[in-house]
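This briefing covers the empty spaces inside one protein model and the charged side chains that pair within the same model. Please look over the sequence and the structure before reading the points below.

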Amino acid sequence: MRRLLQRKPKSKMGTHPCCVLPVVVGFGTIIMFFVCYIIAVNNNHTVKNFPFISDTGVHPPERGIFTLSLNLASFGGLVMMYLRYCYIDQREGPALLNKITLGVGILVCLGLMMVGAFQWTTMLTPHMVGAVMAFTLGIVYIWMDTIITYKLQPLSTSIWAFRVRLLVASLATVSGGVLFVFGGIIFANDTYMYEVRLAAVGGEWALGIGLLLYIVTLCVELKKVKRVDVLLDISGSFNITNNLHELGATRVIANHVHDIPE
């Protein structure tokens, strides 16, 4: 006599598509960097051997692609960082550190938009301000998020996520140090050795790619998100309860009777 083995029905609520946002933002921006590089080199708009990232977005048509990609990355980064903030808040992570991290992330995205909007050949000051914001505060952001990851394990994240982020944050910090040291030498002197420029360019590319790869790792926690609710409070009478980290809302609508004058 054969036994019929019945499988338990799987839950219909799967992973929310928001988990792919860090992957799209991270890898998509890296790909666009190299697309701009190829177009700029083929049009003889920049040097073939290791130009700065900003050198690949100075002239059209690559300038439009460069600006658009950074703007899209900034917008996607803002959405992703807010989702990350909500996830940590739902998981009862460090509240103050979580808020500060979100604020730093917003400034990073603002700096990234400034880099794309202001080319260094025509508007050097705002371009450099945006670059310093994006790179310096970007390093601060990933280290603060690494600390949060450490505090969330093992229940809300994995030890491997923490180790990978710690490694990426360390390499990005070293790359940033190389960029700032040798980049400072370039801006402070009219003449410098080719090796100095090569180190600064390598540090910039390594730092930029490192920050974007760190963003990709954030998909690990977002894969656990089952639903994203957007609540629009019109009447001001929402009753919001938090039950097992699931947000539920009941809307109360008050009926108003208006006398129509004759």
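A cavity here is a set of grid points where a 1.4 Å probe fits but cannot get out. The model is predicted. Counting cavities of 30 Å³ or more gives two, and the count of salt bridges comes to three.

**Largest cavity**

- The largest cavity has a volume of about 410 Å³.
- Its lining is made up of 26 residues, and those closest to the centre are Val-108, Leu-112, Ala-134, Leu-211 and Leu-212.
- Five helices each supply at least two residues of this lining: α1 (21-42), α2 (62-90), α3 (95-117), α4 (124-152) and α6 (194-217).
- By class, the lining of the largest cavity holds 20 nonpolar residues, five polar residues and one charged residue.

**Second largest cavity**

- The volume of the second largest cavity is about 30 Å³.
- The residues that line the second largest cavity are Met-81, Arg-84, Tyr-85, Asn-98, Thr-101, Leu-102 and Tyr-141.
- Helices α2 and α3 each give at least two residues to the lining of this second cavity.
- The lining of the second largest cavity divides into four nonpolar residues, two polar residues and one charged residue.

**Second largest pocket**

- The second largest pocket contains about 470 Å³ of space.
- Of the 19 residues lining this pocket, Phe-52, Met-128, Leu-179, Phe-187 and Glu-204 lie nearest its centre.
- Two or more lining residues come from each of α4, α5 and α6.
- The pocket lining comprises 12 nonpolar, four polar and three charged residues.

**Salt bridges**

- Side chains of opposite charge can pair when their charged atoms come close.
- Arg-84 and Asp-145 form a salt bridge through their side chains, with an N to O distance of 2.9 Å.
- This pair links distant parts of the chain, since Arg-84 is in helix α2 and Asp-145 is in helix α4, 61 residues apart.
- Arg-84 and Asp-145 are both buried.
- The side chain of Arg-84 also meets that of Glu-221 in a salt bridge, at 3.2 Å from N to O.
- Glu-221 lies in helix α7 (residues 219-222) and Arg-84 in helix α2, so this salt bridge ties together parts that are 137 residues apart in sequence.
- Glu-221 has a relative accessible area of 1% and is therefore buried, the cut-off for buried being under 20%.
- Arg-84 has a relative accessible area of 3%, so Arg-84 is buried as well.
- Arg-165 and Glu-221 meet in a salt bridge at 2.5 Å, again from N to O.
- Here too the pair links distant parts of the chain, with Arg-165 in helix α5 (residues 159-188) and Glu-221 in helix α7, 56 residues apart.
- Both members of this pair, Arg-165 and Glu-221, are buried.

**How these residues connect**

- Which residues are linked in a network of salt bridges? The network is made of Arg-84, Asp-145, Arg-165 and Glu-221.
- Within this network, Arg-84 pairs with Asp-145 and with Glu-221, while Glu-221 pairs with Arg-165 too.
- Arg-84 is also one of the residues that line the second largest cavity.

Note on methods. Residues numbered from 1 in each chain as written. Predicted model: local features only at pLDDT ≥ 70, side-chain atom pairs only at ≥ 80, totals over all residues. Heavy atoms only, no water. 1 Å grid on protein atoms, 1.4 Å probe; cavity = no way out; pocket = protein on both sides within 12 Å on 5 of 7 lines; lining within 4 Å. Points joined across faces, edges and corners; volume = space filled by probe spheres on them. Helix = DSSP H or I, 4+ residues; strand = E, 2+ residues; numbered from the N terminus. Nonpolar A, V, L, I, M, F, W, Y, C, P; charged D, E, K, R; others polar. Salt bridge = Lys/Arg side-chain N within 4 Å of Asp/Glu carboxyl O. Buried < 20%, exposed > 50% of the residue type's maximum accessible area, 1.4 Å probe, protein only.
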